[in-house]
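Work through the exercises below with the model open beside you. Try each task before reading its solution.

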Amino acid sequence: MTAALTEYDGRPGRVRDAVAEVWSRWREQLRADLTAAVEGGELPAGFDVEQALFEIVAAGLALNAAMQLQHDRATAGRARRAIERALDQS
């Protein structure tokens with residue numbers, strides 16, 4: 001998905017619209033899951049869902065770029081730690 005996103009995000013047309021729709025659905029699902037985790041007590045009250053969502057998405061985009069462009073296998077661990085930090089808002 002990240003490859004399609006970077007390829008079509010600036011192009012008009014049906015493919016871009018389809019990519020944008022799938023991307024939006026994925027983000028909305030992640031937002032809903034984070035919100036449910038807060039409501040269920042799995043994440044602390046006052047947890048910043050929007051900031052965590054941004055950071056998780058950013059980690060995924062950075063992971064894809066590092067793996068594709070630098071073939072950096074260590075980046076998966078860094079991305080995992082970034083996501084863990086986004087979820088650890090104490």
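At 45% relative accessibility, does E28 count as buried, partly exposed or exposed, and why?

**Solution.** Start with the cut-offs: buried means under 20% relative accessible area, exposed over 50%, and partly exposed in between, with a 1.4 Å probe and protein chains only. E28 has 45% relative accessibility, so E28 counts as partly exposed.

A note before going on. This is a predicted model, where local features need pLDDT of at least 70, side-chain atom pairs count only at pLDDT 80 or more, and totals for chains, interfaces and linings use all residues. Residues are numbered from 1 along each chain as its sequence is written, and side-chain values use heavy atoms, with hydrogens and water left out.

**Exercise 1. Find the salt bridge partners of R31, and place them on the helices.**

**Solution.**
- Step 1: fix the rule. A salt bridge is a side-chain nitrogen of Lys or Arg within 4 Å of a carboxyl oxygen of Asp or Glu. The structure holds five of them.
- Step 2: take E28. Its closest N and O atoms with R31 are 2.4 Å apart, which makes a salt bridge. The two residues are three apart in helix α2, so about one helical turn separates them. Helices here are DSSP runs (H or I, at least four residues), numbered from the N terminus.
- Step 3: take E50. The side chains of E50 and R31 meet in a salt bridge at 2.6 Å, N to O. This pair links distant parts of the chain: E50 is in helix α3 and R31 in helix α2, 19 residues apart.
- Step 4: check exposure. R31 is buried, because its relative accessible area is 17%. E50 counts as partly exposed at 42%.
- Step 5: list the contacts (heavy atoms within 4.5 Å). Leaving out residues up to four places away in sequence, R31 touches V49, E50 and L53.

**Exercise 2. Describe the salt bridge between R78 and D72, then say which residues form a network.**

**Solution.**
- Step 1: the closest N and O atoms of R78 and D72 are 2.4 Å apart.
- Step 2: R78 is partly exposed, with a relative accessible area of 40%. D72 is partly exposed too, with 23%.
- Step 3: salt bridges that share partners join E28, R31 and E50 into one network.

**Exercise 3. Test whether the length of helix α3 agrees with the span expected of it.**

**Solution.**
- Step 1: the expected span of a helix is 1.5 Å times one less than its number of residues.
- Step 2: α3 has 22 residues (residues 49–70), so it should span 32 Å.
- Step 3: the end C-alpha atoms of α3 are 31 Å apart, which agrees.
- Step 4: look at what is buried. The buried residues of α3 are V49, A52, L53, I56, V57, A59 and A66. Their cover includes α2 (14–39) and α4 (75–87).
- Step 5: look past the end. H71 follows α3, and its phi is positive, near 55°.

**Exercise 4. Classify the ring pair of W23 and W26.**

**Solution.**
- Step 1: rings of Phe, Tyr and Trp (its six-membered ring) pair if their centres lie within 6.5 Å; planes under 30 degrees apart count as stacked, over 60 as edge-to-face and the rest as tilted.
- Step 2: by this rule the count comes to one aromatic pair. The ring centres of W23 and W26 are 5.5 Å apart and the planes are at 35°, so the pair is tilted.
- Step 3: both residues lie in helix α2, three residues apart, about one turn of the helix.
- Step 4: W23 counts as buried at 15% relative accessibility, whereas W26 counts as partly exposed at 42%.
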